[in-house]
Amino acid sequence: MDALEDYVWPRATSELILLPVTGLECVGDRLLAGEGPDMLVYSLDFGGHLRMMKRVQNLLGHYLIHGFRVRPEPSGDLDSEAMVAVFGSKGLQIVKVSWGQGRFRELWRSGLWNMSDWIWDVRWLEGNVALALGHNSVVLYDPVVGSILQEVPCMDRCTLSSACLIGETWKELTMVAGAVSNQLLVWYPAAGSTDKPVAPDRQVSGHVGVIFSMSYLESKGMLATASEDRSVHIWKVGDLRVPGGRVQNIGHCFGHTARVWQVKLLENYLISAGEDCVCLVWSHECEILQAFRGHQGRGIRAIAAHEQQAWVITGGDDSGIRLWHLVGRGYPGSGVSALCFKSRSRAGTLKAVTLAGSWRLLAVTDKGALYLYDLEVKCWEQLLEDKRFQSYCLLEAAPGPEGFGLCAMANGEGRVKVVPINTPAAAVDQTLFQGKVYSLSWALRGYEELLLLASGPGGVVACLEISAAASGKAIFVNERCRYLLPPSKQRWHTCSAFLPPGDFLVCGDRRGSVLLFPSRPGLLKAPVVGGKAGVGASGAGGGNGEGGNASAGWGPVSTLPSLHGKQGVTSVTCHGGYVYTTGRDGAYYQLFVRGGQLQPILRQKSCRGMNWLAGLRMVADGSLVILGFHANEFVVWSPRSHEKLHIVNCGGGHRSWAFSDTEAAVAFAYLKDGDVMLYRALGGCTRPHVILREGLHGREITCVKRVGTITLGPEFGVQPDNLEPGSKGPGLTDIVITCSEDTTVCVLALPTATGSAHALTAVCNHISSVRAVAVWGVGTPGGPEDPWPGLTAYVVSAGGRAEMHCFSIMVTPDPSTPSRLACHVMHLSSHRLDEYWDRQRNRHRMVKVDPEIRYMSLAVCEFDQPGLGPLVAAACSDGAVRLFLLQDSGRRMQLFAETFHHKRCVLRVHSFTHESSNQRRRLLLCSAATDGSLAFWDLTTVLDHGSSTLEASADPGLPYRLGNPCLTLQAHSCGVNSLHTLPTHEGPHLVASGSEDGSLHVFVLAVEVAELEEAAGEAELGPQLHVLEEYSVPCAHAAHVTGLKILSPSLMVSASIDQRLTFWRLGHGEPTFMNSAVYHVPDVADMDCWPVSPEFGHRCALGGQGLEVYNWYD
């Protein structure tokens, strides 16, 4: 190695932290939030504008903030200045802030005081501070001098799990301690001294688990406690400042499904939150009034309330902060009511129901009678009665505001009736088929064109054009054309929609296919049958069990067969240039039409257990909500906020139902017990809450990968005012991909100027945890010849259940979003080992693939050969290294080769290239296992024709078997968790690895290529690898080394579970320690480092139970 002369030591500083929110406090119109050691200050403007004012970094050093206590002012004015005590773990700091006129300033900060025990609660007492410590003692502290004035222990020196201090002076101070013995201990510190412990005044039992939180309401003399036993108890305690009082348990609140972390008593409500990620609002009589769901992960850690504005703020383990509105008991329009259809004057039984807008409901009976119910007048009215529709009848209302005043009926004899709701006498009916009408659907194009599609026998779909007379008192129904569905067992369509600008119709059918038809016959030269061009034929075979002749029909110009499985497509929606479809397979697709062909872009799953998706709606903020059935409930679910906005216990979707939504209200009607049940809620498909900060991942982050950097200038909405002082030039934004145990892959934007993070999109295709991500093919949207602003890349993700997905991302400027960026994702291909095994013809002679195999790490190997896609190397938990070949730009993924050389779990794979003297690039792969061994493979030789490195499998259809590696090396005594390489100018490669025992191993690897490889007609000989220098650092870290990066031949950085980011100097023999920085993310699983710019230096992203970004200058 070459020696380095003079080197400036890098000093890493924390730039961004995304950790669980562990403390919240409302101070007037300000909100204080604790995230790690940082304090976030939000402005809660009562006009509806909520914004972040300031992040005060590293307030508690290495401790996590657990709470804030604001010193009460005699005047009660906290709008301009406040003195705040910030505490957490064993640390305490006092900070004086000014936040008047929308500007935040830190006026004064005390030193960080380290206590001898855990701080459970803090109370201001006439300028001093009282602290409740973890072993049942109280300390009186002087914040100005920084000294302990008095410390009083309790006679029962048990370990506490929570505490609450009550009182305004030292004489009346009351300590309520939650002991690990599940008891409440009430005692008075003023009654004792340092040498005289105080005996408990009262001991209260009632919980069967540890008490995690308590809240006291002085005005009503009530105390609430939250416990490990999943319950909240309400106690009548009176004035706790008076000794000898009586304690009475007046309520048990059971509603949480896991441990309850936090509780807060208000004048009219009780707020609780816990490990089940639910915040419940109770009455003082233990009745659940509201349930706030939306946080992901391991629970809600902090709650705060603003009683004047009726706000509840929650902070979760997913780093999200949300504001909810309290609505109380009298919330209008949120229940289910029966419309009382049964009457002597209305004969027959209800068969179908539909909604025409949000205030008119239509129902049809088995007597062929059509009824209208006006939700404002609240009465039933019979519109018409037709005996031909009494045995079998379909009913659908036209879409649009208040249904355009039209509905359609169909019977089992091929007859369709179009009824104007306001003038039912002007109804028009036509006989379309010689058999049953299987389905009806409407297609609306703005206010210009309205079509009705009816499916008959033989897969024929009649397209009817509906128009109104100039007088508005009559309608005209004309058959425009007929379509023909592809053959299937259940051959009818289920839904339809116009594709803007209106030249095509997108339809879904009962077999789960999505079809594209021309909206007018003139768009095609000749009719097609079954999707193939040709002359229309009659008597097309029906696959629905009922015969029938079909006239000539237009076949689809594009088909995605069985996209939603065998249960059928339930809805089609066109929005923003994309097509969205839902089905009863529990998934919704995003499609794109290019060149007249449907192309699937992305498949997303809904919330767990919601397998019947019934529809999709776009809301005002640009996001979408999903309609569906979760067991016996109808649910409106928001993928953006991960919450169920509306829940109706309707019994399931197998009965007739209808849904309608407007900006003012939503309505859901269904049939039950011979009556119409109606659910109405004000506010549309939204929830009156605000997401102060989006959550990232609900579980641990397992991998972090940087994709690239985007430069945004003023032309894309990034103004110099948005940049931090000292920033120059355009804004640089790093695009980073993270994956997590919560089965999602998230694309983040990390601006260098603002120190914030924006989640651009999340991919939820995996069925198990995602452990690894690999990126390749980074470019610009327009290509190298005509580059556009933005970034494109291909991404492969893999994890549990031996599942791998390939998708492409395109990030483009979008001034309408907070990040000024928009991310478009296209899913390309997927692979699962168990499905691969099921496709083998001779699988009965093979050992079945273990479905619990996990992919631990990924590496992409790109070749120079034209037409040859990249190889993806996967480290597998079953001891294999598998190579997957990606072809057709990632749209085909094939298992190419595998090896079981390690015979134990492979933890890491890493690929690198070697430039030989003859300018031939060679691809090398390094794999590391749990026994501490490293193996090096030559992938260039593997793909060469005539190479003996690959061995054909004994069974046809199985992947090739890799031969022996070029080099094996025993680097560690246990598992290798991190691995990286870097080429040097002289030719050899630096290789570094980190192990579970905290050790580092660095060596110089030489690659020698035989000269015979240029001989014509001969098989290429593999390279020779040998180690030139080798060094070890046995105790580099105190725990697993999970992140490692060689930045240059003279500098290396490592990260460990011991929460230390350490820099090492290379080039002088054994790696030399330079300096170390302590980060706040627990259990770091991965790290990625990259240079940003000469002005900004390097950035480093650490992922574990949260995300933290560091930067340093060379």
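These legends walk through several close-up views of a predicted model.

**View 1. Strand E12 sits between two partner strands, E11 and E13.**
Let's start with strand E12, which covers residues 128-133. Is E12 mostly covered or mostly exposed? It is mostly covered, for six of its six residues are buried. Look at the two faces of the strand: Asn 128, Ala 130 and Ala 132 point one way, while Val 129, Leu 131 and Leu 133 point the other way. The residues on both faces are buried.

**View 2. Two hairpins frame strand E12.**
On one side, strand E11 (residues 119-125) runs antiparallel to E12, and six bridges join the two. To find one of these pairings, look for Val 122, whose bridge partner in E12 is Leu 131. The hairpin of E11 and E12 has two residues between the strands, and in it Glu 126 takes a positive phi near 50°. Now move along to strand E13 (residues 137-142), which is joined to E12 by five bridges and also runs antiparallel to it. Here Val 129 has Tyr 141 in E13 as its bridge partner. Three residues lie between the strands in the hairpin of E12 and E13, where Asn 136 takes a positive phi near 60°.

**View 3. Four strands form an open sheet.**
The strands follow the order E15-E16-E17-E18, and their pairing is antiparallel. Which strands stand at the edges? They are E15 (160-166) and E18 (202-205); each has a single partner strand, so one side of each is left without a neighbour in the sheet. From one strand to the next, the twist averages 20°. For a closer look at one pair, follow E15 and strand E16 (residues 174-179), which pair over six bridges. Within this pair, Ser 162 stands opposite Gly 178 in E16.

**View 4. Strands E83 and E84 are joined by a hairpin.**
Further along the chain, strand E83 (residues 1041-1048) pairs with strand E84 (residues 1051-1056). This pairing is antiparallel and spans six bridges. The hairpin passes from E83 to E84 through two residues. If you pick out Lys 1045, you will find its bridge partner, Val 1053, in E84.

**View 5. Glu 275 and Arg 259 meet in a salt bridge.**
The distance in this pair is 2.9 Å, N to O. Why does this pair tie together separate parts of the chain? Glu 275 lies in the loop between strands E24 (270-274) and E25 (278-282), whereas Arg 259 lies in the loop between strands E22 (248-254) and E23 (260-265), so the pair ties together parts that are 16 residues apart in sequence. Glu 275 has 26% relative accessibility and counts as partly exposed. Arg 259 is also partly exposed, at 29%.

**View 6. Other salt bridges show buried and partly exposed partners.**
How many salt bridges does the model hold? The count comes to 43. One of them links the side chains of Glu 73 and Arg 71, at 3.8 Å from N to O. Glu 73 is partly exposed at 27% relative accessibility, and Arg 71 is partly exposed at 26%. Another joins Arg 882 to Asp 878 at 2.9 Å, N to O. Here Arg 882 is buried, with a relative accessible area of 5%, whereas Asp 878 is partly exposed at 27%. Salt bridges can also link up into a network, as they do for Arg 445, Glu 448, Glu 449, Glu 465, Arg 480 and Arg 520.

**View 7. The largest cavity has a nonpolar lining.**
Rolling a probe the size of a water molecule over the atoms shows where empty space is left. In the whole structure, the search finds two cavities of 30 Å³ or more. The largest has a volume of about 50 Å³. Its lining includes Val 176, Leu 184, Trp 235 and Leu 240. What kinds of residue make up this lining? There are nine nonpolar residues, no polar ones and no charged ones.

**View 8. Strands E55, E56 and E58 help to line the second largest cavity.**
This cavity holds about 40 Å³ of space. Among the residues lining it are Phe 634, His 646, Phe 659 and Tyr 679. Strands E55 (633-638), E56 (643-649) and E58 (665-672) each supply at least two lining residues. Which strand gives the most? That is E56, with three residues. The lining divides into eight nonpolar residues, one polar and no charged.

Key. Residues numbered from 1 in each chain as written. Predicted model: local features only at pLDDT ≥ 70, side-chain atom pairs only at ≥ 80, totals over all residues. Heavy atoms only, no water. Pairing = 2+ DSSP bridges. Axes fitted to C-alpha atoms, helices over the stretch in contact; angles between N-to-C directions. Salt bridge = Lys/Arg side-chain N within 4 Å of Asp/Glu carboxyl O. Buried < 20%, exposed > 50% of the residue type's maximum accessible area, 1.4 Å probe, protein only. 1 Å grid on protein atoms, 1.4 Å probe; cavity = no way out; pocket = protein on both sides within 12 Å on 5 of 7 lines; lining within 4 Å. Points joined across faces, edges and corners; volume = space filled by probe spheres on them. Nonpolar A, V, L, I, M, F, W, Y, C, P; charged D, E, K, R; others polar.
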